[in-house]
Amino acid sequence: QNGQPFDNSTYTAFVNAVAGRGQCMAIPTPLSVAMAQYKTFRGDREFPVPYVKRSQASKSATLGDDVSEVLAEQFDAVMSLPGLFFMSQLTTIGGMMIDLNDDSDISLPLRDARYNLDIGVFYSEQMNPNAEAVANAFQEATWGRVQELPSFQQDFRYVWATFGDVDIKDVWPYYYESRERYYELRAIKTMVDPFDIFRTSFTIPALWRW
């Protein structure tokens, strides 16, 4: 404004809202995006390139420092892998509603989960022709370390965040907490769609399927 000395602190804030926070010089960010991030999220959590991503729920009441330590170590490790970008998000879910909700009449599983962990490994084959293979290997290594942690040793997955094998007859224990609930849903499916017309490899199957 008139009469005021030049001050570039706002511009610097826009730049800092992007640089080093989920972005890098290899993937430029428009100033308009930087301005939005300055007022909302400081950096995108994802990248405009292909990815391999996994999500897992935890019913543990508490998380130890080992979770953040493993993720921090993987962030450091990915820095030495050209063409790879790493994202992780640990969120709390449920809260006190876990003790208040009765999910006996609801088919949605994992209503009593307390934490959700997302891990995404993004890769650019323009920067590294072998990036996809490296990304898959890095994701496997990261997930292996996560599942060694006490809070995530039980493999609970969300039906809206599938990965890997999606043949429901093989993977249903990851997505539904009990055999009773799974077969109850199969019985309902058989009643409303007896010929199993509306199906994919992952949808709840009619009882006669196997």
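## Exercises on a three-stranded sheet and its surroundings

Three strands make up an open sheet in the order 1-3-2, with antiparallel pairing (two strands pair if DSSP finds at least two bridges between them). Strand 1 and strand 2 stand at the edges with a single partner strand each, so one side of each has no neighbour in the sheet. On average, neighbouring strands of this sheet are turned by 10 degrees against each other, direction ignored.

Before you start: this is a predicted model, in which local features need pLDDT of at least 70 and side-chain atom pairs count only at pLDDT 80 or more, while totals for chains, interfaces and linings use all residues. Residues are numbered from 1 along each chain as its sequence is written, and side-chain values use heavy atoms, leaving out hydrogens and water. Helices (H or I, at least four residues) and strands (E, at least two) are DSSP runs, numbered from the N terminus.

**Exercise 1.** Find the bridge partners of V52 and R54 in strand 3, and work out how strand 3 pairs with strand 2.

*Solution.*
- Step 1: begin with strand 1 (residues 51–58), which pairs with strand 3 in the antiparallel sense over 8 bridges.
- Step 2: look across from V52 and you meet its bridge partner V121; R54 has I119 as its bridge partner.
- Step 3: turn to strand 2 (residues 84–92), where antiparallel pairing with strand 3 runs over 9 bridges. Here T92 stands opposite Y115.

**Exercise 2.** Decide how far strand 3 (residues 115–123) is enclosed by the rest of the structure.

*Solution.*
- Step 1: recall that in a regular strand the side chains alternate between the two faces of the sheet.
- Step 2: sort the residues. Y115, L117, I119, V121 and Y123 point one way, and N116, D118, G120 and F122 point the other way.
- Step 3: check burial (buried means under 20% relative accessible area, exposed over 50%, partly exposed in between, with a 1.4 Å probe and protein chains only). Of the 9 residues, 9 are buried, so strand 3 is largely enclosed by the rest of the structure.
- Step 4: look for helices in contact (heavy atoms within 4.5 Å). Helix 3 (residues 65–78) packs on the sheet and touches strand 2 and strand 3. Helix 5 (residues 131–146) lies across strand 1, strand 2 and strand 3.

**Exercise 3.** Which residues of helix 7 are buried, and which are exposed on the other side?

*Solution.*
- Step 1: list the buried residues of helix 7 (residues 179–192): R181, Y182, L185, R186 and K189.
- Step 2: view them around the axis. They cover an arc of only 140 degrees (taken from the directions from the helix axis to the C-beta atoms), so they sit on the same side of helix 7.
- Step 3: look at the other side, where E180 and M191 are exposed.
- Step 4: ask what covers the buried residues; helix 6 (168–175) is included.

**Exercise 4.** Trace the salt bridges of R181 and K189.

*Solution.*
- Step 1: apply the rule (a side-chain nitrogen of Lys or Arg within 4 Å of a carboxyl oxygen of Asp or Glu), which gives 10 salt bridges.
- Step 2: R181 pairs with E184, with 3.8 Å between the closest N and O atoms. Both lie in helix 7, 3 residues apart, about one turn of the helix. R181 is buried at 17% relative accessible area, whereas E184 is partly exposed at 42%.
- Step 3: K189 pairs with D196 at 3.4 Å between the closest N and O atoms. K189 is buried at 12%, and D196 is buried at 2%.
- Step 4: follow the shared partners, and K189, D193, D196 and R209 join into one network.

Key. Axes fitted to C-alpha atoms, helices over the stretch in contact; angles between N-to-C directions. Expected span 1.5 Å × (residues − 1).
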